[in-house]
Amino acid sequence: MSTSQRSRQVLVQRRQVADLGTVLGVWAHPDDEAYLSAGLMARATANGQAVAVVHATAGEAGSSGTSLDLSSRRREEARRALAAVGVTDHTMLGHADGGCAAVPVPDAAAQLGRIIEEVAPDTIVTFGPDGITGHPDHRAVSAWVSAAVSRSRRTISVLHATTTSTFVDRYAFINEQVGLFDYDPSLPRRTEQHELALELVLGEHELDRKLVALRAHASQTKDLEARIGTARYRRWFSVEAFVEVRPLEGTDLLD
Ligand SMILES: [Zn+2]
């Protein structure tokens, strides 16, 4: 039996938000955290769990505005988006938007390592190696987290945000319209239900709250919501799905 056959037989341990302990979200740009984990953060903070968020960049290369204006605007947007889900512990690493792949992994991992020591997370939520959308900054951040966790003496579960087959099929028209997966023709990833370690199907009240967080990132989301239509925009990321990184995969990522 090959290693891949064996690993496919491992039953995925299903998790609940309440099991995650202290949560650290590590993302590339302000708004990534809202799309992929606003519901998770809202549930965790409601449970009284500590939640901290790191952004690698201020998102100064995003849509609208000059980069200098946009950097300070997006910092403020991120602060308000996180406050909407009860999070106040927020760090921006200050890397250049679009330049994360050029940062030496050991340097970024050391930066993250210091934050890991401070926050002492039980769980880190971040991108998988595919970066969800294939964005090079997302992929770089995923590699930084893998390196930082492997160097930490702490036992930390790492959950990678993922796209499910259901999401890919149900929202194909929006995903194509906005070019969500245009960075990489091999995407989107179609994660099957049985592979998920954590799946949050957000209720109406949670979706209202997530929409507040997303709208706080107005420089990035206002035009998009208008283009897609509020009802569809609100449903688009109404399920937050994660796979758990197995130690074997973690080691592979360090190559
Ligand atoms: Zn991003």
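In which helix does Ile 174 lie? Ile 174 belongs to helix H8 (residues 172-178), as the first view shows. The model is predicted, so that local features need pLDDT of at least 70 and side-chain atom pairs count only at pLDDT 80 or more, whereas totals for chains, interfaces and linings use all residues. Residues are numbered from 1 along each chain as its sequence is written, and side-chain values use heavy atoms, with hydrogens and water left out.

**View 1. Surroundings of Ile 174 in helix H8.** Helices are DSSP runs of H or I with at least four residues, strands are runs of E with at least two, and both are numbered from the N terminus. Ile 174 has a relative accessible area of 0% and is therefore buried (under 20% relative accessible area, with exposed over 50% and partly exposed in between; 1.4 Å probe, protein chains only). Apart from neighbours within four places in sequence, Ile 174 contacts Ile 228, Arg 232 and Trp 236 (contact: heavy atoms within 4.5 Å). The C-alpha atoms of Ile 174 and Leu 70 are 26 Å apart, with these positions 104 residues apart along the chain.

**View 2. The zinc ion and its protein donors.** His 29 (ND1), Asp 32 (OD), Asp 32 (OD) and His 138 (NE2) lie 2.1 to 2.7 Å from the zinc ion (donors: N, O and S atoms within 2.8 Å of the metal, or 3.2 Å for Na, K and Ca; water is not among the atoms, so sites may look incomplete). The 4 donor atoms subtend angles of 54 to 131°, and the arrangement is therefore irregular. Four donors count as tetrahedral if all angles lie between 85 and 135 degrees; four count as square planar and six as octahedral if opposite donors are over 155 degrees apart and all others between 65 and 115; anything else is irregular. The spacing of the donor residues in sequence is H-x2-D-x105-H. His 29 lies in the loop between strand S1 (23-27) and helix H2 (32-46) and His 138 in helix H6 (residues 136-151), so the pair ties together parts 109 residues apart in sequence. Both His 29 and His 138 are buried.

**View 3. Surroundings of Ala 58 in the loop between strand S2 (51-57) and helix H3 (67-83).** Ala 58 is buried because its relative accessible area is 4%. Beyond neighbours within four places in sequence, the contacts of Ala 58 are Pro 30, Ser 71, Arg 74, Arg 75, Met 92 and His 95.
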